[in-house]
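Dear colleague,

I am passing a structure on to you with this email, and below it I have set out what was found in it. Please keep the structure open beside the text while you read.

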Amino acid sequence: MEKFIGVDYYNVESLLTEEEILIRNSVREFVDKEIIPIIEQNYREGVFPKHLVQKMAELGIFGMTLPAKYGCAELNNVAYGLVMQELERGDSGLRSFASVQSGLVMYPIYKFGSEEQRAKLLPLLAQGSVIGCFGLTEPDYGSNPGGMITKAEKLDGGYILNGTKMWITNGTIADIAIVWAKLNGVVKGFIVEKGIEGFTAPEMKGKHSLRASVTSELIFQDVFVPESHLLPNASGLKSPLMCLNQARYGIAWGVVGSMMATYDTALKYAKSRIQFSKPIAGYQLTQNKLVFMLTEITKAQLLNLQMAKLKDAGKVKHTQISLAKRNNCELALDIARMAREILGANGILDEYPVMRHSANLESVKTYEGTHEMHTLIIGEDITGLAAFD
Ligand code: TGC
Ligand code: FAD
């Protein structure tokens, strides 16, 4: 297995600490050894490589920025970003798993949960022995989750949940679901355990994208949720949106890993593919594509590093995270498609990763807020005028 040496035209590594480089290299090696050799088969068969959950947990990936007292690595956001970047160089499905477990399940429990919920669940989630999912999107409410119709009704000792969530990563394999529902018209968060009466999570089939990832419906039919399973400090749509910031942050880094994978493949291929008696890398039009790719990778690396510094300083705005997610996803998809062009017909074979990355990125560009949503989020911030409706 050829070792990945990274893409770092501006020596961004010189801005990293030894610990950040160590973490990055440990996950880089994990991706080379455990993901790259199996991912095409898993993608073809539409199967999430669940055996890797334990190995990711052992690397301290889940909830890695959360406090050590909950069994987490307590590392900074630069390290977290680098880990997301290396995972997605392998496949967006693996980075999605880690994003959901960390940003969409462990974060809301840490931020909005009781101390009892934190102490009980965070160590188990960090070890990977409990898997979580995040139920916000509904069949009729995607970009506009505020319109959600999943409802919670109060009764003695707890709540009754009714409604459906859709497009839920890890849903079918999750032991707990963080579910957002309206209680008297106000968005609240609930921890719903797998196996509880009335709760089912069938897998969604027929995906052309993110095939090595589980995507599910969550169906709630008169599901009783005990009082102890309400997230006591979550209230209003702001709460789930704060969770999205964590996952969006990870995506902005993750897709740079995908850019690196497709650029690296295209560069190596172009130097060896002979047409009209010389390597296609020797033609101006090919070099133009490769230089575009490298330029955008370099810009995204520097954008992410500054975003990480702002986040570590507690100063990052959610609109700044939107800008990085929007820009980097769009360019990762452009780069994947450009790489497929450079490979010619070989680019459609799963002997090469470019088409898998391109197909995955169609999901990644859509979820966690579409390109248009992030355009409008930033647009509102700079003009002061909301243009969503
Ligand atoms: P709006 O009135 O704008 O906002 C309600 C309150 O929330 C505040 N807010 C935020 N706070 C923190 N972070 C953010 N990102 C925030 N965005 C808004 C806002 O200031 C307000 O606060 P307050 O104090 O006034 O109450 O609400 P809206 O209904 O107009 O919606 C705004 C909009 C459209 C931007 C939001 O709904 C949105 O982001 N929509 C996109 C939906 C989305 O991103 N869904 C992702 C679902 S999860 C997923 O896809 C997981 S994929 C798996 C993986 O990650 O790998
Ligand atoms: P819609 O909101 O119906 O949008 C359709 C199109 O209309 C888009 O191009 C959109 O940009 C555009 N549009 C919508 N409103 C406007 C407007 N006001 N102005 C201009 N254009 C607009 N959700 C979860 O809650 N948890 C998960 O774990 C999760 N995982 C996912 C995994 C995958 C593989 C996928 C594909 C999705 C996942 N999602 C998850 C759902 C995801 O967040 C939604 O798909 C996304 O928010 C977009 O919603 P939608 O698909 O309903 O599209």
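**What was found**

The protein has ten helices and nine strands, and please bear in mind throughout that the model is a predicted one.

Let me begin with the overall form. For a chain of 389 residues, a compact globule would be expected to have a radius of gyration near 21 Å, and because the protein has 21 Å, the two values agree. Along the principal axes, the C-alpha atoms fill a box of roughly 80 × 45 × 40 Å. Of the 389 residues, 56% count as buried, and the accessible surface comes to about 16900 Å², with 55% of that surface belonging to carbon and sulfur atoms. If we consider the contacts with a separation of 6 or more, 75% of them are made by residues that stand 24 or more positions apart in the chain.

As for charge, there are 40 positive side chains and 43 negative ones in the protein, and the centres of these two sets lie 3 Å apart.

The aromatic rings deserve a slower look. How many aromatic pairs does the structure hold? There are eleven of them, and one joins phenylalanine 62 to phenylalanine 97, whose ring centres are 5.6 Å apart; the planes of these rings meet at 55°, so the pair is classed as tilted, the term used for angles that are neither under 30 degrees nor over 60. This pair links distant parts of the chain, since phenylalanine 62 sits in the loop between α2 (52-58) and α3 (77-90), while phenylalanine 97 belongs to helix α4 (residues 92-112), 35 residues apart. Are these two residues buried or exposed? Phenylalanine 62 has a relative accessible area of 1%, which means that it is buried, as the limit is under 20%, and phenylalanine 97, with a value of 0%, is buried as well. Phe62 and Phe97 also form one aromatic cluster together with Phe48.

A further pair is made by tyrosine 107 and phenylalanine 112, with 6.4 Å from centre to centre and 85° between the planes, and this arrangement is edge-to-face. Tyrosine 107 has a relative accessible area of 12% and is therefore buried, and phenylalanine 112, at 4%, is likewise buried.

With kind regards

Key:
Residues are numbered from 1 along each chain as its sequence is written. Chains are lettered from A and ligands numbered from 1 in the order in which they are written. This is a predicted model: local features need pLDDT of at least 70, side-chain atom pairs count only at pLDDT 80 or more; totals for chains, interfaces and linings use all residues. Side-chain values use heavy atoms; hydrogens and water are left out. Helices (H or I, at least four residues) and strands (E, at least two) are DSSP runs, numbered from the N terminus. The radius of gyration is taken over C-alpha atoms; the globule rule is 2.2 Å times the number of residues to the power 0.38. Buried means under 20% relative accessible area, exposed over 50%, partly exposed in between (1.4 Å probe, protein chains only). Contact means heavy atoms within 4.5 Å. Accessible areas come from the Shrake-Rupley method with a 1.4 Å probe; for residues, only the protein chains shown count as cover. Lys and Arg count as positive and Asp and Glu as negative; His and the chain ends are not counted. The place of a charge is taken as NZ of Lys, CZ of Arg, CG of Asp or CD of Glu. Rings of Phe, Tyr and Trp (its six-membered ring) pair if their centres lie within 6.5 Å; planes under 30 degrees apart count as stacked, over 60 as edge-to-face and the rest as tilted.
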